[in-house]
Amino acid sequence: MSAATIVQLTDTHIRPAGERVHGMVDTYANLTHVLQQLRASRQRIDALVLSGDLTDTGSPEAYRRLRSAVEPVAEELGAKTVYVMGNHDERAAFATELLGMDSAAVDPDAPLDQVVDVAGLRVIALDSTTPRRHDGRLEERQLDWLADQLRERARHGTLLVLHHPPIPSPIAATEYLRLARPELLAEVLADSDVRLIICGHNHLTAAAALAGIPVWIGPALAYRIDPIAPVGRHRGLIGFGYSRIDLLGSTLVATAIEATPAETLYERPEQDVLDQLAALATEAG
Ligand SMILES: [Fe+2]
Ligand SMILES: [Fe+2]
């Protein structure tokens, strides 16, 4: 039984009503499909973490659409919401529309970092963006702030969230837009209580490690990048997904969830499956 369950929705790329991403993808429909899936599952979900590129062009209307879709479902689930900046986001609109900040109080040059407690698990979200740039960077003041936060350990450890993955990529364009100087982050994280780092940005599902800490790149909600396109080609694919992050014992487990509509192959009561497995185990001695 999971002590905490977080759903990671990344790269939602919401646009104003009537607009589609790359002229084809209705990202709002993808989002509402997933939110409906979460409601229908009736699973305990403690938080929804949206890890960047929440809108496609940073328009206030797109943030309002996103928020009006997400918040009623989060409320129904009893889940906290954590909004994290991505390179397609725009700090002023993000801060006012999603974080409820007064526009006069928003400094567009100040990163929007956050700490949220989720059932004893500390979620630290770093803003890895720089205005008008698509690659990632953490400023010295952010690393200092992070080091300061990590001085104290949390009851169930820490989940670190940042949009740009601090690991290399085999996809040329993704590698070009990587997080600069991940070794600086690695230094801060060494010997900390961070148990998992979750990211988005790459629009594909991948895993690696930084300073011995697992790094999870969750599947995007908008569309996919083909990880095995023909040599010399960069290809986007229709299809979407998200992730669940579960605290099982002292381990954080990341699981990708396919959301592209697919036919059910079979569906049975969970207890029947467990009984069958137990019978097989007994038979095997
Ligand atoms: Fe994205
Ligand atoms: Fe991105």
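Modeller: Before we start, angles here run from 0 to 180 degrees between N-to-C directions, with axes fitted to C-alpha atoms over the stretch in contact. And keep in mind that this is a predicted model.

Biologist: Fine. What makes helix 4 roughly parallel to helix 6?

Modeller: Helix 4 (residues 140-150) and helix 6 (residues 182-189) pack at an angle of about 20°, with their axes 9 Å apart. Angles under 35 degrees count as roughly parallel, so helix 4 gets that label relative to helix 6. Their crossing is right-handed.

Biologist: Which residues of helix 4 and helix 6 meet?

Modeller: Helix 4 brings Leu143, Leu146, Ala147 and Leu150, and helix 6 answers with Leu184, Leu185, Val188 and Leu189. Sorted by class, this contact has 8 nonpolar residues, no polar ones and no charged ones.

Biologist: And how do you know that helix 1 and helix 2 are roughly parallel to each other?

Modeller: That pair packs at an angle of about 5°, the axes being 10 Å apart. The cut-off is under 35 degrees, therefore helix 1 and helix 2 count as roughly parallel too. Helix 1 uses Tyr28, Leu31, Thr32, Leu35, Leu38 and Arg39, while helix 2 offers Arg65, Leu66, Ala69, Val70, Val73, Glu76 and Leu77.

Biologist: How many nonpolar, polar and charged residues does the contact of helix 1 with helix 2 have?

Modeller: The tally is 9 nonpolar, 1 polar and 3 charged.

Biologist: On to the sheet. Why are strand 3 and strand 13 said to stand at the edges?

Modeller: The sheet is open, with 5 strands in the order 3-2-1-12-13 and mixed pairing. Strand 3 (80-84) and strand 13 (251-258) each have a single partner strand, so one side of each has no neighbour in the sheet. On average, neighbouring strands are turned by 20° against each other, direction ignored.

Biologist: What makes strand 12 and strand 13 a pair?

Modeller: Pairing takes at least two bridges. Strand 12 (residues 241-248) and strand 13 are joined by 8 bridges, and they run antiparallel. One of the links is Leu248, whose bridge partner in strand 13 is Thr251.

Biologist: Which strands does helix 1 touch?

Modeller: Helix 1 (residues 27-41) packs on the sheet against strand 1 (4-9), strand 2 (47-51), strand 12 and strand 13, and its direction makes about 165° with that of strand 1. Helix 2 (residues 60-77) also packs on the sheet, touching strand 2 and strand 3, at about 150° to the direction of strand 3.

Biologist: What does the UniProt annotation cover?

Modeller: An unreviewed UniProt entry annotates residues 5-203 as "domain: Calcineurin-like phosphoesterase". In the model, that span is 32% helix and 19% strand, and its end C-alpha atoms lie 22 Å apart.

Technical notes:
Residues numbered from 1 in each chain as written. Chains lettered and ligands numbered in written order. Predicted model: local features only at pLDDT ≥ 70, side-chain atom pairs only at ≥ 80, totals over all residues. Heavy atoms only, no water. Helix = DSSP H or I, 4+ residues; strand = E, 2+ residues; numbered from the N terminus. Parallel < 35°, antiparallel > 145°, perpendicular 65-115°, else oblique. Left-handed = near helix turned anticlockwise from the far one by under 90°. Contact = heavy atoms within 4.5 Å. Nonpolar A, V, L, I, M, F, W, Y, C, P; charged D, E, K, R; others polar. UniProt positions renumbered as here; feature names shortened; annotations may be inferred.
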